[in-house]
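This report is about strands that lie side by side and about aromatic rings that meet one another. Please keep the sequence and the model in view while reading.

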Amino acid sequence: EDTITGWNKYKSDVKVASKSLGDAFYFRRFGVYGTLDYQRSFGDHEVNATALAYRDEYSQEAVLQNNKHLHFGATVNYMFKGKYIAHLTGVQAGSLKLFEGKRWGFSPGIGLGWILTEEGFLSDIGTVDYLKLRTNWASLKTDENLDYRLDRDYYTSGSTFTWSHGSYSNAGRNVFYGNPGLNWEKINNFNIGFESALFNYRLGIEASYFYNLYDDVITQRVNSLPGFFGNLPFENYGSYKTTGLELGLHYSMDFGAVKARLGGNLVYAVPRVLAMDELNYEDNYRRQTGKATDAIFGLTAVGLFRDQADIDSSVPQDFGPVQPGDIKYRDLNQDGIVDDNDIGVIGNGGARLSYGLNLHLQYKSFELFALGSGEAGQERLFNSPYYWVYGDRKYSAIVRERWTPETAETATYPRLSSMADANNFRNSTFWMYETNYFNLHTAQLTYTLANANIAGVDQVRLFLRGSNLAMMSKEKEKLQLNVGTLPQMRSFSLGVNLMF
């Protein structure tokens, strides 16, 4: 009858005098920006302009110097007679990461366009519905890769090395010299191309050439002096470029009740190192400067040693004793021995050609959509424990093709060894494969029941969708192999959309 007849007290409330909190992280960002827009059309002229001011600050726990941005920018788009276009941009950016006198950087840009189908000499050509030439150039300055302390002297926290004098020892700190002349990194972009629509807008073609230069990259050169001379300051030294072509196509056609749309895009790009910190090798093939930024370095394999006579008649290899069935390498510098001086560029770690395809078919209430993409011009080293098998590593199916005296003419894998063979298990063309492929990412079949008028439902859409459906590649088994992780999976979904 609303009366407590008994109670039990579980544990005790204890007041802790000193509190501590671990694994906590604090950060805060605040900012402000404002824009001013201007639009005007008068006669044959049309002007659209925007001015922007932006300021933000990011602070986090245990970091004394906050990260700050201060930008002032403007963009102006001008069109004359609806066919001549000029676009100007400019950003004045401030940075606290650079020394006084270099804290402001200006990034200009300009774009030009000409719509040729507005001219008389093209307006009467029936097959050309739209044609525009365009080009643009911009020089961007960035400080995102700069550290606050690179322009001034600093030392690392704690002792970095010790030396002893009998029963006594001294500790030293590693001093890094700053560079007051450090400046912004620069990204220069240029492209030129066209956009077009042909045959009553059924065919669209877009193409452009691009040139991207990443210059004055912040680099600490470690290959110029021996280490005991100390640390050189960071400087604007590195330089890289990427050039290439872009192409886009789409085509639409009707066959009675069947409507079809096919689209595709393609990018071909070649990256190059213009300047980087590396050793001044006597043999040019050992340097990366002038070569691809994603270059893969390794030895050039020329097969497997057939027998002892083959070993005796070949150039000696400086990676330990060799036996029949071991990998034979090429002596690139022809100095009479195969060693680390024969390591050169053997492939590209990134694709040179990337492309995508999409298809849309419609027949009455049925629709089919498919999307795929592919890459070409890329190599990969298969050097994981699945392929490099020795000792107590688990043997994979690939070793079935190993060398034995009986399979000397057909073997595609070196002889087996119970030890880590320093000669065989090195990055080389023997373990490298071209990874060209095409993936069918998505396909969806849809049926639409319009004007259903069922219990208030106006439209019903049924769909069947599949993802990661298929791969076409010469090295399909290698590319789809996952070791130590989940296997690759296809997924399917069946669903319905109801419109009320």
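## Aromatic rings and paired strands

Both Phe319 and Tyr329 are buried, and in this predicted model they are a convenient place to begin. The two residues form an aromatic pair of the edge-to-face kind, with 6.1 Å from centre to centre and 85° between the planes. Phe319 lies in the loop between helix H2 (308–312) and strand S17 (327–329), whereas Tyr329 belongs to strand S17 itself, so the pair ties together parts that are 10 residues apart in sequence.

What kind of aromatic pair do Tyr355 and Phe438 form? Their rings are stacked, with 6.0 Å from centre to centre and 10° between the planes; the angle falls in the stacked class because planes under 30 degrees apart count as stacked. This pair links distant parts of the chain, since Tyr355 is in strand S19 (residues 353–363) and Phe438 is in strand S23 (residues 437–454), 83 residues apart. Tyr355 has a relative accessibility of 24% and therefore counts as partly exposed, while Phe438, with a relative accessible area of 16%, is buried.

The structure holds 16 aromatic pairs, and one aromatic cluster is formed by Trp388, Tyr390, Tyr413, Phe425, Phe430 and Trp431.

Rings also meet charged side chains. Phe319, already described as a partner of Tyr329, has the charged end of Arg426 over its ring, and Lys478 lies over the face of Tyr433. The table sets out these two contacts.

| Charged residue | Ring | Distance to the ring centre |
|---|---|---|
| Arg426 | Phe319 | 3.9 Å |
| Lys478 | Tyr433 | 4.3 Å |

We turn now from the rings to the strands. Strand S11 (residues 185–198) and strand S12 (residues 203–219) pair in the antiparallel sense over 13 bridges, and within this pairing Phe190 stands opposite Tyr211 in S12. How many residues lie between S11 and S12 in the hairpin that they form? There are 4 residues between them, and in the turn Phe199 has a positive phi of about 55°.

Strand S12 also has another partner, for S12 and strand S13 (residues 235–255) pair in the antiparallel sense over 15 bridges. Here Ser208 stands opposite Glu246 in S13. Taken together, S12 pairs with S11 and with S13, and in each of these pairings the sense is antiparallel.

Notes. Residues are numbered from 1 along each chain as its sequence is written. This is a predicted model: local features need pLDDT of at least 70, side-chain atom pairs count only at pLDDT 80 or more; totals for chains, interfaces and linings use all residues. Side-chain values use heavy atoms; hydrogens and water are left out. Two strands pair if DSSP finds at least two bridges between them. Helices (H or I, at least four residues) and strands (E, at least two) are DSSP runs, numbered from the N terminus. Rings of Phe, Tyr and Trp (its six-membered ring) pair if their centres lie within 6.5 Å; planes under 30 degrees apart count as stacked, over 60 as edge-to-face and the rest as tilted. Buried means under 20% relative accessible area, exposed over 50%, partly exposed in between (1.4 Å probe, protein chains only). A charge sits over a ring if NZ of Lys or CZ of Arg is within 6 Å of the ring centre and within 35 degrees of the ring normal.
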